[in-house]
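Biologist: Got a minute to walk me through the strands in this one? Let's pull it up first.

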Amino acid sequence: MKRTMMSLIGATVALAAVTGVAAVAAPDGEEQAAPGSASRKPVQRSALLCPTPTSSEVGETTYTAFAPSGAAAGADAKKGTAQLLPAGTVAESGDTGGSKPGEKGEKGKTAKKGDAGSEADAARLRTVPPRDKKPVVPLKEAGKPVTTKTDSADAPALVGAADGTLAPGWTVQQTTSVAAGSGRGLLGLTCAAPDTTFWFPGVSTARGRQDYVHLTNPDSTQAVVDLELAGKDGPLETPGGEDITVPPHTTVPVLLSTLTGSPTTNAALHVVAREGRVGASVQAGDAKLGSDWLPAAADPAPEAVLPGIPADATSVRLIAVSPGEADADLKVQLDTPTGPIVPAGLETLHVKAGMTTAVDLKDLTKGEAGSLVLTPADGASKAPIAVAVRVTRGKGAKQEMAFISSTRPVDKRATAADNRAEGSTLSLVAPEKGKDAKVKVTASAGSGGGTPVSKTYTVKGGTTLAVEPPRPGGLKGSYALTVEPQPGSGPVHAARTLAQPQGGIPAFTVQPMPDDRGSVVVPTAGQKLSLLTD
């Protein structure tokens, strides 16, 4: 490695705003302004990926796209476009693309770079282009969501981008209702930005679960991905997870139980793109508890916040993984509406390096919505962790599960699209005691009409505030919620719960609301940054 000093002039400023990677990072990963007169500018381009929603014949999926008003204000703001396009899929020669790789034995085996059989596998596998290339939920203006629905059992994955005034904060929500069958439930997902690494604590390869990871490549060159699994005893052997090739503009779903011969509950999945980048999403299905999407956890860090555990949760299971070289000893607390408490019998949680730890917290919230906050037990540990909880509502044969993963705080703005006239709950947690959070919540115009409404909330430090969010005046259709911390606010994390009962089953889904990273810190012309290059 060598360290090269480069003078960054006006071209760097433009590139930074386009790519969204110009923030100057401190050694601990926190964003800092560059010295001098560096400024924050809205990004000029965003990319999102939505996985294949369902293969059920009785499923219906709603896509909702939204961009906040005023996010790209300024004299240099250019009118933007935002749309998603269907992606291809990988199937065996002679297959129409309806099967999922790894579903049955060798079915859908993915060609691997470097294998003796790679050329034969590549010849056997082919990319099936989408049947329809028509844009999905094209967005033409900020401040008003656009929706579309499909009940197709072979609806494709979607890849797309937004630019200009629609790029900052562009959000797409994918909500699927499956009325019956093993995949029944309400499945909600905020479509993800492409990246090179993802963590999913809470996956399972055990009997009774069918967990798929969907890998989608947004670019014109192939991506090569490794899938790594860890359990309570450490890394699992996953020879089938190495060197997975994802062709350009294509999605590859992989059944996790086909990757290993060791059925494991409470596992953690690490997705690593060694070439290119992908979007990664996990769809978890349980024979008794229905199905939902498991969102990727925030990047491993010494602390974790999981907002939005419903008041009526009948079961909560916490799964943590320590991906570093040191064990993690954690203090666990539940931030309730009245203050932090320690769950009974869980003063500390020990997570061994490279392993997962799972704890059943039962009916943790006991009628009051809450958020879990994990911090180093000794106050000084730097061992990173990634955390998720599986939350269950209902009893007996009428139970439904959803997942909440650790999430980044809301720095400038976060958005949840596809809120309905009934069934939405907004959860806000201020995890640091003594540091109250003050946020403005804006309900957008409805997709079919309505007047935006804003309301300001104060969340006392160490507490969770769960509220029925404001609704637009004269609402028609669905709407988006935008959360914006106000000047002087303490740290705040957010999540949105959408509940839509299905024949007595309390179907629900929870979407964490991390900061949308709609702006970046860029240096002024002539400033110098130290760039680390190979």
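Biologist: How many bridges join strand S34 to S38?

Modeller: Bear in mind that this is a predicted model. Strand S34 covers residues 424–430, and S34 and S38 run antiparallel. One of the pairs matches Ser427 with Ala466 in S38. The number of bridges joining the two strands is five.

Biologist: Which strands stand at the edges of the open sheet with the order S38-S34-S41-S42?

Modeller: That open sheet has four strands, and their pairing is antiparallel. An edge strand here has a single partner strand, so one side of it is left without a neighbour in the sheet. The two that fit are S38 (463–467) and S42 (508–512).

Biologist: And what does the twist average from one strand to the next there?

Modeller: Still with the order S38-S34-S41-S42, going from one strand to the next, the twist averages 20°.
The value you want is 20°.

Biologist: Now the other open sheet, S29-S25-S31-S32: which strands have a single partner?

Modeller: Four strands make up this sheet too, paired antiparallel. S29 (356–362) and S32 (398–405) each have a single partner strand, so each has one side without a neighbour in the sheet. From one strand to the next, the twist averages 15°. The strands at the edges, then, are S29 and S32.

Biologist: Which residue in S32 is the bridge partner of Thr392?

Modeller: Strand S31 spans residues 386–395 and pairs with S32 in the antiparallel sense. Eight bridges are found between S31 and S32. For Thr392, the bridge partner in S32 is Met401.

Biologist: Let's move to S15. How many of its seven residues are buried?

Modeller: Strand S15 runs over residues 197–203. Six bridges join S15 to strand S21 (residues 267–275), with the two running antiparallel, and Thr197 has Val272 as its bridge partner in S21. S15 is largely enclosed by the rest of the structure, because the buried count among its seven residues is six.

Biologist: Is Glu57 buried or exposed?

Modeller: Glu57 is in the loop between strand S5 (45–50) and strand S6 (59–66). The cut-off for exposed is over 50% relative accessible area. Glu57 has 69%, so the label is exposed.

Biologist: How far apart in space are Glu57 and Val178, C-alpha to C-alpha?

Modeller: Along the sequence, Glu57 and Val178 are 121 residues apart. In space, C-alpha to C-alpha, the distance between Glu57 and Val178 is 8.6 Å.

Conventions: Residues are numbered from 1 along each chain as its sequence is written. This is a predicted model: local features need pLDDT of at least 70, side-chain atom pairs count only at pLDDT 80 or more; totals for chains, interfaces and linings use all residues. Side-chain values use heavy atoms; hydrogens and water are left out. Two strands pair if DSSP finds at least two bridges between them. Axes are lines fitted to C-alpha atoms, for helices over the stretch in contact, and angles run from 0 to 180 degrees between N-to-C directions. Buried means under 20% relative accessible area, exposed over 50%, partly exposed in between (1.4 Å probe, protein chains only).
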